[in-house]
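Biologist: I would like to go through this model with you, one question at a time. Could you show me the sequence and the structure before we begin?

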Amino acid sequence: MAAIFILLVLAVLYLPVLLLVFLSFSDGLQYYTELFTNAHYLQAIGNTLLIAVVASLIATIIATMAATGIIYLGKKSRAITMAVNQLPIVNADIVTSFALVLLFVGLGLNNFGLLKLILAHVLIALPFCLLTILPKLRQLDANLIDAALDLGATPMKAFTSVIVPQLVPAMVQAFLLGFTLSLDDFVITQYNNSGVPTIATVVYGAISRRDIPNAFKALTTIILAVIIIVLIIMNVRMGRVRQGKKLSKKVVAIITAVVILLAGGGIVPLIVHNLTPRSSVLKIYNWEDYIAIPSDGEGRDLVAEFEAYYRAQTGDKNFRVEYHTFTDNEELYSKIKTQRADYDLIFPSEYLVEKMAGENLLQTIKLDQLDADVVAGLDAAILSRTTDYTAVTADGAVDPNQVWAIPYMVGTVGIMYDTDVINGMATKTGIDTTTFEQMLSELGFGVLFGAKYTDATTGTTYDSSKFKSHITMKKSARDSVGIAMLYAQAARIRDSITAHQAQGGTADDFDNTELSNILNMQDQFTIDQARQILQEQIRVMNPFYENDNGKKAFANPNDTRFAYGLFWSCDAGLTMGENVDDNDEQLTNLKFYAPYGTNLWTDNFALPIYGKNTDAAYAFMNFMLDADNAAANIDYVGSQMAVAGQDADGNNTAVGDLKDDYGFDENADDFSYDNSYVNAVFPPEYALTYSAIMHNFDPVQETAVNDLMVSIQNQAAQLTENTHGSPQVIQWVFLALVLAGVVVAVVYCVSHRRPQTPPVN
Amino acid sequence: MKKPSNFNRRSLFALPYWLYMTVFVVVPLLMLLFFAFYNNGHGFSFAEVTKYFTDSSQWATIGRSLRIAFLAAMLCLCLGYPLAYLIAKIKSQKLQYLTLMALVAPMWINGLLRTIALKDLTTLLGWAAGEDLLILGLTIDYLPFMIMPTYLVITGIPRSYLEVSADLGAHPVTTFFKVELPLSMAGLISGFLMVFTPAVSTYYMSEYLGDQSTFMIGEQLNTMFIKDNKSGAAVIALVLLAIVGLSVVLTNALSRLGNRRGGLY
């Protein structure tokens, strides 16, 4: 029975891992080939191993020395040392990580990515190493050291030739423990990472847009295989030990060999890495999964293609692209601002371009350094919307020859909805998809806040709050607060748009100033108003706040929790594009609509001042803005680039063709499936006209807005909790009691099987 | 020749360790304190601290984090103690080590990767994310931290104690409650703490395994950190430190109480 219990727990522990193992074979050995051919993944694995081996080696050595020293300490100083040793063990790892960030920023360890991570990982291992070694050392005969010293050995000599050899088993144990903890860590690595990819950070980046990279499923299988091999070796080895042979030099030799091999696995790529001159490396820092590097090996890999192209063009055979990714504008900002990372090309959002240009962190992009064709092929409609943050002004005049940034991706904020879920709820809500689409075009973002819509012909009133608990909102403060502000002024926005349309106004002559002012109001009154609206929204709509989970929920046909939600058009484009059934047939239940007067966002090419290979950066921009390459990239990312669909003669470019391929029909309305998909990928004309860009907030207001969002999440959690009610607590306490009962029973059974001495009468 | 001073020069072997711990443990914690009151560069004040403690919704988040972490730690205890006990009672030493290795080995696969795998598995089984799943995830992830110290303490109990107890006519159950359980209290408590403190501060687990209603204090710190609000994050970090400190003090007091009552007899 005991064995069954142990096996059961082991099964639960291994089940999730086994799922990955199972999935790793879903495409034959394809994922394995991918793992061993993707340089980015290999580098991450190498770094992870290197950090784990070096950090736990350092920790083991320091801990062994420390243990030797500590046994000579007085009682009081020993107690203090052990208490400090206990600190990182009991301290929450997120606190340790954050405190380390403050330290590294304070020390100015800017460009020492790998060193920082190794130093931080020593901290993960060190306290545990000391706790492993110290008790073993206490068991040693103290006289041995004294004897060595009396015989004339120096303390160092006594340490290396008397203490260390006897401690080898404990040191190996300490090393393995440190190694294990280092491999397991995510938080400390993520917090202190300045552009060094490791297994954890690559996985984290990937899941923010899609899923665990397939290659990492293969990696999991390999690690599991290694674990099994290690267990078998241990089994055999310990068998020998039992036969009376001591833990021999052979074992030590094998372990040393494994360690060297592991470290080599990390060091070799590192050396290769540092041998390439900087002029042969282009360092790019882009959003995760925001360029065509297909993880399944199908389709064009634009970064690899660029490498080949640039090698051929310059004749530099060693040229390569070092491509790193981030998941948040703030991450990018702090990497350049605080850590002064020497990236050549970065992709900040519009407000960050403003902020960085204002802080002299950007070089301007000289337009004459780009191919004339490329500059001519940029989409004028998009450029006309972005000049207020890209224009370089000197003495009040705009310089036509240079810009702070060129738009890379352009999109809107809108509502993605699931027609299956809406129809499924129709009996309860009285709102079917057609009605919902009418509401959407009439109410815009109002459907997120419980606004009502009255059908003019029938007089029926439809209430969007019927969708309570079935909608999603963004955790991101700028988006949620921005949309709340737009909703607060919805009437004003609608009036100005209707007036413009009534006058037969065209796209070019709409004055966005008012709309822009509304979206960028940052006074305390507006923030308080936004707070009230968002609080009221919690009560009326009980939205689910997410940043990435929403996409997955909408993509999963079995997950019918959400009818609609607030989405960036690029996420909607991605989710809709990948929304296929088991036979790879496109499903049409997901649609996207960007309301009139929405927020227009961009992510941009920009050159940070610390970059060292500007030539290659320009070449890369040329390459990406070529219409054919851009079309491939748009198709992969699911978002529009600032490349025009028609050339000067009015003929379709590859980008224009792509739009037609997607089935865009000018005569159909925005709610036909094909048009709604195209509108998610390519911001529609009306959205380019009736929209505003959200500018950079001043620091005080930015903090206020961020604090507001944390507070909103606290309140949303409280509310959901209250609707769940307290049974959850009781349920778990009950379970704990039941388990405690099982414990007693198990212990009773086991102890009963032990041979007993007959009781004495 | 020994110096009259009671400071032994051989203890200088610990110098690199002290240096490291001072720079990487003590100094950063002091910096936390500094940043909490530094108010993001606007001079020293209690503004951030006041802001935190006057927002009543913060208390709910603290309470929720404590509750979730407590339940996870309790589950770990209920599962981990019998497991450690059973492993310690396995006859073959070899099998003991192998079982322990097998329990710890999944950690070679990164914690984040395993969390996502668990999420994928439960999604497949149709189990929605939420508090239940979060507690299960925490329990699975931190179980080794419960088992290790408990196992070490249980195997450290001299066999003779158990034999004496049996010789004196105690029933094995009595022996367990009177001898083994009290003597393994220390391991149990350090195990409990080693599960409780990471659980109370988790952020990626609650993000992936939890839902709306499991917004935890770690997630809050993470949001502040990402948004570069260092002072706000420092205040939350201090709150977490206080929680950890309090739980250490509480559990120590509890174990002392237990020892007085339990003891050998």
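Modeller: What follows is a set of questions and answers on the two chains, their helices and their sheets.

Biologist: What kind of model is this, and what pLDDT do local features need?

Modeller: Residues are numbered from 1 along each chain as its sequence is written, while chains are lettered from A and ligands numbered from 1 in the order in which they are written. The model is predicted, with totals for chains, interfaces and linings using all residues and side-chain atom pairs counting only at pLDDT 80 or more, whereas local features need a pLDDT of at least 70.

Biologist: How many helices and how many strands are there in chain B?

Modeller: Helices (H or I, at least four residues) and strands (E, at least two) are DSSP runs, numbered from the N terminus. From the N terminus on, the elements of chain B run α-α-α-α-α-α-α-α-α-α-α-α, and the C-alpha trace of this chain spans about 70 × 70 × 35 Å along its principal axes. The count for chain B is twelve helices and zero strands.

Biologist: Is Leu138(B) buried or exposed?

Modeller: Leu138(B) lies in helix α6 (residues 131–156) of chain B. A residue is buried if 20 or more other C-beta atoms lie within 10 Å of its own, exposed if 12 or fewer, and partly exposed in between, with the C-beta atoms placed from the backbone. Because Leu138(B) has 28 C-beta neighbours inside 10 Å, this residue counts as buried.

Biologist: Which residues does Leu138(B) touch, not counting those up to four places away in sequence?

Modeller: Two residues are in contact if their C-beta atoms, placed from the backbone, lie within 7 Å. The C-alpha atoms of Leu138(B) and Phe196(B), which are 58 residues apart along the chain, are separated by 9.5 Å. With residues up to four places away in sequence left out, the residues that Leu138(B) touches are Ala72(B), Ala199(B), Thr202(B) and Met205(B).

Biologist: How are α5(B) and α6(B) oriented to each other?

Modeller: Axes are lines fitted to C-alpha atoms, for helices over the stretch in contact, and angles run from 0 to 180 degrees between N-to-C directions. The axes of helix α5 (residues 111–124) of chain B and α6(B) come within 11 Å and cross at roughly 140°. Angles under 35 degrees count as roughly parallel, over 145 as roughly antiparallel, 65 to 115 as roughly perpendicular and the rest as oblique. The two helices, α5(B) and α6(B), are therefore oblique.

Biologist: Which strands stand at the edges of the open sheet β3-β2-β4 in chain A?

Modeller: Two strands pair if DSSP finds at least two bridges between them. This open sheet of three strands in chain A has parallel pairing, and strand β2 (residues 281–287) of chain A pairs with β4(A) over two bridges. Each edge strand has a single partner, so one side of each is left without a neighbour in the sheet, and the edge strands of chain A are β3 (320–326) and β4 (345–346).

Biologist: Which residue in β8(A) stands opposite Thr393(A)?

Modeller: Three strands of chain A form an open antiparallel sheet in the order β6-β8-β7. Four bridges join β7(A) to strand β8 (residues 397–403) of chain A. Opposite Thr393(A), in β8(A), stands Val398(A).

Biologist: How many residues does the contact take from chain A and from chain B?

Modeller: The contact between the chains draws on both of them, with 99 residues from chain A and 97 residues from chain B. That completes the count, given in order for chain A and chain B: 99 and 97.
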